[in-house]
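The following exercises concern the reading of a protein model. Please attempt each task before turning to its solution.

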Amino acid sequence: MNAWLLLECRCVCPEAAEAARIAAERFGELETAGEAMPFRLTFAERDTEGYVLDVTAPLEATIGAKRSRNFIAGLGELLNRLLAAADCGEEGSVRVTPGLAAGLWEEVPQIRDRVHYMPGHFGNSFEVCWSGEMRRYLEDLALAGASGYGDWFDPNDMPDPYNPHVYHSTSMFLWRRKKEWLAYSQQLGLDNVLVVTPNIGYTDQMRPEWVGVRDHKLRVQGQVLCPSNRAAREVILGNQQRLFEDLRRSGIQIAKIVCAPYDDGGCGCAACQPYYPVFLQLVRDVYETVSPLYPELKVDICGWWTSEEESRQLQDLTEGAARDWFGAFQYSASYGVFALPDDIRSKVGGMALGCFLHIGFSHDRRDVYTKTGIHSASRRIQSVLRSFAAADCRGFMTYNESFGDHFNAFAAGLLGWNTERDVREIAEFYGRMMYRLRGAALRKLVDVLLEMEMLDGSRADEWTAALRAVEPEVRTHEWQEWAFGHLYLKAELMRLDEIIGEEPGESAVAAMKERLRLTERLWRRVYGFGVLRHILIPERMLPDWYKTYRELESAGEGVIRSGVMADDA
């Protein structure tokens, strides 16, 4: 196969420089069996809140915008149309009707904030990946219309990188890597967002005189320092001061922080009860500590595990001391949520509203996080986003824990521009871009990808056969070999679970062993996992039959029990 188009690119404004670079790379990936033809692409400044795509000839177009990220989103739509034209315009290896239909289209996002929060921690994909993988991943989401990228400098399991006791600690390596991702996000024109769990400290700060009281009944977990302890509070604020000073000196722009009271965070001691007012005062102190470094900084509050009473306490803060710097309350749309509540305004009052949108599962939590590979939830996501207008919800921050969420993040970005966009058309764009498929092979893969959303294991045998049939035509980018692997393995794992059943006996041991072998292949060879931590407990990411398997195999439990806190923690 040869390059289909020889790009002749003219960039007449500096804000489009990154879009032009990405265009040169992505156009080089468009292939054909025929001869290459020139494509003339111009990037020009235009007064619009989104982008304007102006196609003046089958192989000539102009993308107009004001912001770097909107030039890239416009490029994404151009690539979508070119890939669709190549699909329609070729029969076998003979090109019939190449190029684009002429016309002018202006696209403005319906939803203002389209942020993807992808914390690199717990040993997940975003922690173990390297530069080439993450740059490509962020580019994909920018092409799909993202407005921002978020991360969390998670201190759990980490020593203080600013007070080192070793030559090169885990946190020193990861903090530098996170800054690299934020710098590239900035280069793409995305807003950088940081999640802040204020009272989580480093491992070497868990001193008896500072440590908080953990209590699952009070939703307190993680390496908590007690905010009501004066010395511990100085440590808490010092941690934020050093981190944001480092970010500032590294040239990293931060548009917003999102503060979360729980998971991780909180303190169960008597002096910290009730905790939410303590948390809100801590948020004020954190803002006052870091805002001199970032004067334009806004603060969102994450609604994960937040009660209605706590929401009312937040309203008081936003109408008073936080009036000038409060951003939005992010309502948590997690398991079983397909729309914002009809009465949400009665709960949050006049606060600016956003959404913390969990996309790390498909239709329901059966495949949450990294249990079985790719997550497909475009219809669920669309349902939630369609409810935003009635609630005056201004944006979302998707929550991701693995590369398995790539399709969902891609779909969410595009739906943020147009909540009524056809999810099948989105999946076809995804299939053409990620797998370089077209025609019947593309349609088969898209059928499987969309059908997987409902997690109907009785269809898994069909899915496996369909994906096996299209695999010879699949071509993924060198940094995204996981893209087809986690789709195919999801079908295989679900197929084996159907064979094993809910109450397996010894006759199912062979299928169990094959299922475990393929699970290891998914986690190690496809996602590259090594040491997993926190919520990523391998035994808990396996089906219910795994307990039976261990009994049949006479596997001992030992004395280490992941997921169980000590009584005196």
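**Exercise 1. Two residues with an unusual backbone**

Is Leu455 buried or exposed? Determine also the sign of phi at Leu455, and treat His534 likewise.

*Solution.* This is a predicted model, in which local features need pLDDT of at least 70, side-chain atom pairs count only at pLDDT 80 or more, and totals for chains, interfaces and linings use all residues. Residues are numbered from 1 along each chain as its sequence is written, and side-chain values use heavy atoms, with hydrogens and water left out.

Step 1. Leu455 has a relative accessible area of 7% and is therefore buried; buried means under 20% relative accessible area, exposed over 50%, and partly exposed in between, with a 1.4 Å probe and protein chains only.

Step 2. Leu455 sits in the loop between helix H14 (439–451) and helix H15 (460–470). Helices (H or I, at least four residues) and strands (E, at least two) are DSSP runs, numbered from the N terminus.

Step 3. Although Leu455 is not a glycine, its phi is positive, at about 55 degrees. Most residues other than glycine have a negative phi.

Step 4. His534, also not a glycine, has a positive phi of about 60 degrees. Its place is the loop between helix H17 (509–526) and helix H18 (545–552). With a relative accessible area of 31%, His534 is partly exposed.

**Exercise 2. Peptide bonds in one loop**

Which residue is joined to Asp263 by a cis peptide bond, and which residue follows Gln273 across a cis bond?

*Solution.* Step 1. The cis peptide bond from Asp263 leads to Asp264, with omega at about 5 degrees.

Step 2. Asp264 belongs to the loop between strand S13 (256–259) and helix H7 (275–290).

Step 3. Gln273 is followed by Pro274 through a cis bond whose omega is near -10 degrees. Pro274 is likewise in the loop between S13 and H7. Most peptide bonds are trans.

**Exercise 3. The surroundings of two aspartates**

Which side chains make polar contacts with the side chain of Asp140, and which with that of Asp151?

*Solution.* Step 1. Asp140 lies in helix H4 (residues 131–143). Because its relative accessibility is 0%, Asp140 counts as buried.

Step 2. The side chain of Asp140 makes a polar contact of 3.0 Å with the side chain of His406 and one of 2.7 Å with the side chain of Gln480. A polar contact is a pair of N or O atoms within 3.5 Å; within protein, one must be able to donate a hydrogen and the other to accept it, and residues adjacent in sequence count only if both atoms are side-chain atoms.

Step 3. Leaving aside residues up to four places away in sequence, Asp140 touches Arg26, His406, Phe410, Met433, Met434 and Gln480, where contact means heavy atoms within 4.5 Å.

Step 4. Asp151 is part of strand S11 (residues 148–152). At 1% relative accessibility, Asp151 counts as buried.

Step 5. The side chain of Asp151 is in polar contact with the side chain of Lys178 at 3.1 Å. A polar atom of the Asp151 side chain also lies 3.1 Å from the backbone nitrogen of Gly120.

**Exercise 4. Packing of H1 against H2**

How do helix H1 and helix H2 pack, in angle and in distance between axes?

*Solution.* Step 1. Two packed helices are described by the angle between their axes and the distance between the axes.

Step 2. For H1 (residues 17–27) and H2 (residues 68–88), the angle is about 20 degrees and the axes are 9 Å apart. Axes are lines fitted to C-alpha atoms, for helices over the stretch in contact, and angles run from 0 to 180 degrees between N-to-C directions.

Step 3. H1 and H2 are therefore roughly parallel to each other; angles under 35 degrees count as roughly parallel, over 145 as roughly antiparallel, 65 to 115 as roughly perpendicular and the rest as oblique.

Step 4. The contact involves Glu18, Ala19, Ile22, Ala23, Arg26 and Phe27 of H1, and Phe71, Ile72, Leu75, Leu78, Leu79 and Leu82 of H2.

Step 5. By class, this contact has 10 nonpolar, no polar and 2 charged residues. Ala, Val, Leu, Ile, Met, Phe, Trp, Tyr, Cys and Pro count as nonpolar, Asp, Glu, Lys and Arg as charged, and the others, Gly among them, as polar.
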